[in-house]
Amino acid sequence: MIKKLYPGGKRKAFNITYDDGVLQDVRFVALMDKYGLKGTFNLNSGLMETEFEWIHPNGMVVKRLPISAVAELYRGHEVASHTLTHPYLSSLTEAQIMEEMAKDKENLERLTGLPVLGFGGPFHHWGPEVVACAKRCGFEYARNAEERYCYAPPEDYYHWSAGTYHVMPGFRDFVEGFFHTEEELALCQIVGHTYDLDVEDMWDHMESVLKRVAEDEDILSMTNIELVRYLKAMRMAVIREDEIRNPSDLPLWFEKDGEVVCVMPEG
Ligand SMILES: [Zn+2]
């Protein structure tokens with residue numbers, strides 16, 4: 001009996017993906033760092049340059065972080081693109097979508113000194129032209145604004161939907177279920193915006209989730225790009241009866257007859 005595991009022999013993966021790069025990210029990243037967790041942050045470098053702000057329906061001013069904060073604040077986490085200026089993609093030509101993606105990617109790579117390989121779509125529009133542009137820009141995955149409400153890891157890295165949003169009514173049940181699920185390669189992915197932790201008064205609850213994740217030895221905290229890379233490698237594994245071949249370039253982890261084993265790349 002062979003069961004697939006995440007790196008380090010962990011049964012489950014946990015990911016937080018927050019969009020927009022707003023002031024509340026400072027408090028949130030500090031919490032993640034406190035518990036040794038990694039997340040993915042989709043940024044609009046063009047709106048950070050102007051420290052764009054808007055008024056939430058509840059009256060709160062939601063403000064982008066200054067662009068000078070990017071390199072230091074998100075160190076150790078994944079910085080991903082969210083387009084340059086957060087436009088409605090449905091109102092843009094393909095050339096304009098390309099420009100929104102490519103310029104944001106270029107800015108974020110210059111700021112972080114790291115490749116930016118992930119994309120998260122602004123608003124809800126998702127179509128084949130968005131996916132085509134994301135591929136042409138060199139993104140290894142693209143996440144839309146849908147919610148799947150399940151623990152299965154994504155199959156199609158360019159039509160990746162969130163596990164759940166932290167503002168959804170089912171959020172608490174979703175997280176609770178994750179701590180108990182026995183599903184193979186279970187993933188709890190939570191997507192949202194840190195300003196909603198203020199709006200929904202959820203900071204204490206979110207911290208209790210992060211603490212529980214950090215203390216659970218079955219769970220590995222991963223960024224989206226780490227997940228994509230590992231899942232791609234895992235899907236190359238050839239498993240026959242009790243034999244495992246690993247033609248990928250990453251070490252792969254399994255539970256075999258009740259024991260955790262690491263199978264190194266063949267090459
Ligand atoms: Zn957004």
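**Exercise 1. An open sheet**

In what order do the 3 strands of the open sheet lie, and is the pairing parallel or antiparallel?

*Solution.* The structure is a predicted model.

Step 1. The open sheet has the strand order S1-S15-S16, and its pairing is antiparallel.

Step 2. Its edge strands are S1 (2-5) and S16 (259-263), each of which pairs on one side only. From one strand to the next, the twist averages 30°.

Step 3. Consider the pairing of S1 with S15 (residues 252-256): these strands run antiparallel and are joined by 4 bridges. One residue pair can be located here, since the task asks for detail: Lys3 has Glu255 in S15 as its bridge partner. In general, the strands of a sheet pair through backbone hydrogen bonds, either parallel or antiparallel.

**Exercise 2. The surroundings of strand S3**

Determine whether strand S3 is buried or exposed, and identify the strands that pair with it.

*Solution.*

Step 1. Strand S3 covers residues 39-43, and 5 of its 5 residues are buried, so the strand is largely enclosed by the rest of the structure.

Step 2. Examine the directions of the residues. Gly39, Phe41 and Leu43 point one way from S3, while Thr40 and Asn42 point the other way; all are buried. In a regular strand, side chains alternate between the two faces of the sheet.

Step 3. Find the strands that pair with S3. S2 and S3 run parallel and are joined by 4 bridges, with Ile16 opposite Gly39 in S3. S3 also pairs with S6 (residues 78-81), again in the parallel sense and over 4 bridges. Thr40 has Glu78 as its bridge partner in S6.

Step 4. Trace the chain between S2 and S3. Together, S2, H1 and S3 make a right-handed β-α-β unit.

**Exercise 3. Two residues with positive phi**

Compare Asp20 with Phe123: where does each lie, and is each buried or partly exposed?

*Solution.*

Step 1. Recall the general rule: most residues other than glycine have a negative phi.

Step 2. Asp20 has a positive phi, near 90°. Phe123 also has a positive phi, near 50°.

Step 3. Locate the residues. Asp20 is in the loop between strand S2 (12-19) and helix H1 (25-34). Phe123 is in the loop between strand S7 (118-120) and helix H5 (128-136).

Step 4. Apply the cut-off for burial, which is 20 or more other C-beta atoms within 10 Å. Asp20 has 24 such neighbours and therefore counts as buried. Phe123 has 13 and therefore counts as partly exposed.

**Exercise 4. A loop glycine**

Establish whether Gly170 is buried or exposed, and which residues it contacts beyond its sequence neighbours.

*Solution.*

Step 1. Gly170 lies in the loop between strand S10 (164-165) and helix H6 (171-180).

Step 2. Gly170 has 12 other C-beta atoms within 10 Å and is therefore exposed.

Step 3. Apart from neighbours within four places in sequence, Gly170 is in contact with Tyr149 and Thr164. Gly170 and Tyr149 are 21 residues apart in sequence, and their C-alpha atoms are 8.5 Å apart.

**Exercise 5. The nonpolar core**

State how many residues the largest nonpolar core has, and which of them have the most contacts inside it.

*Solution.*

Step 1. The largest nonpolar core has 64 residues. In soluble globular proteins, nonpolar side chains tend to be buried together.

Step 2. The residues with the most contacts inside this core are Ala13, Val79, Ala134, Phe139 and Cys188.

Step 3. Take Ala134 as an example. With neighbours within four places in sequence left aside, Ala134 is in contact with Met101, Phe119, Phe139, Ala142 and Tyr158.

Definitions and conventions: Residues are numbered from 1 along each chain as its sequence is written. This is a predicted model: local features need pLDDT of at least 70, side-chain atom pairs count only at pLDDT 80 or more; totals for chains, interfaces and linings use all residues. A nonpolar core is a set of buried Ala, Val, Leu, Ile, Met, Phe, Trp, Tyr and Cys residues joined through C-beta atoms within 7 Å. Two residues are in contact if their C-beta atoms, placed from the backbone, lie within 7 Å. Helices (H or I, at least four residues) and strands (E, at least two) are DSSP runs, numbered from the N terminus. Two strands pair if DSSP finds at least two bridges between them. A crossover is right-handed if, with the strands pointing away from the viewer, the path from the first strand over the helix to the second runs clockwise. Axes are lines fitted to C-alpha atoms, for helices over the stretch in contact, and angles run from 0 to 180 degrees between N-to-C directions.
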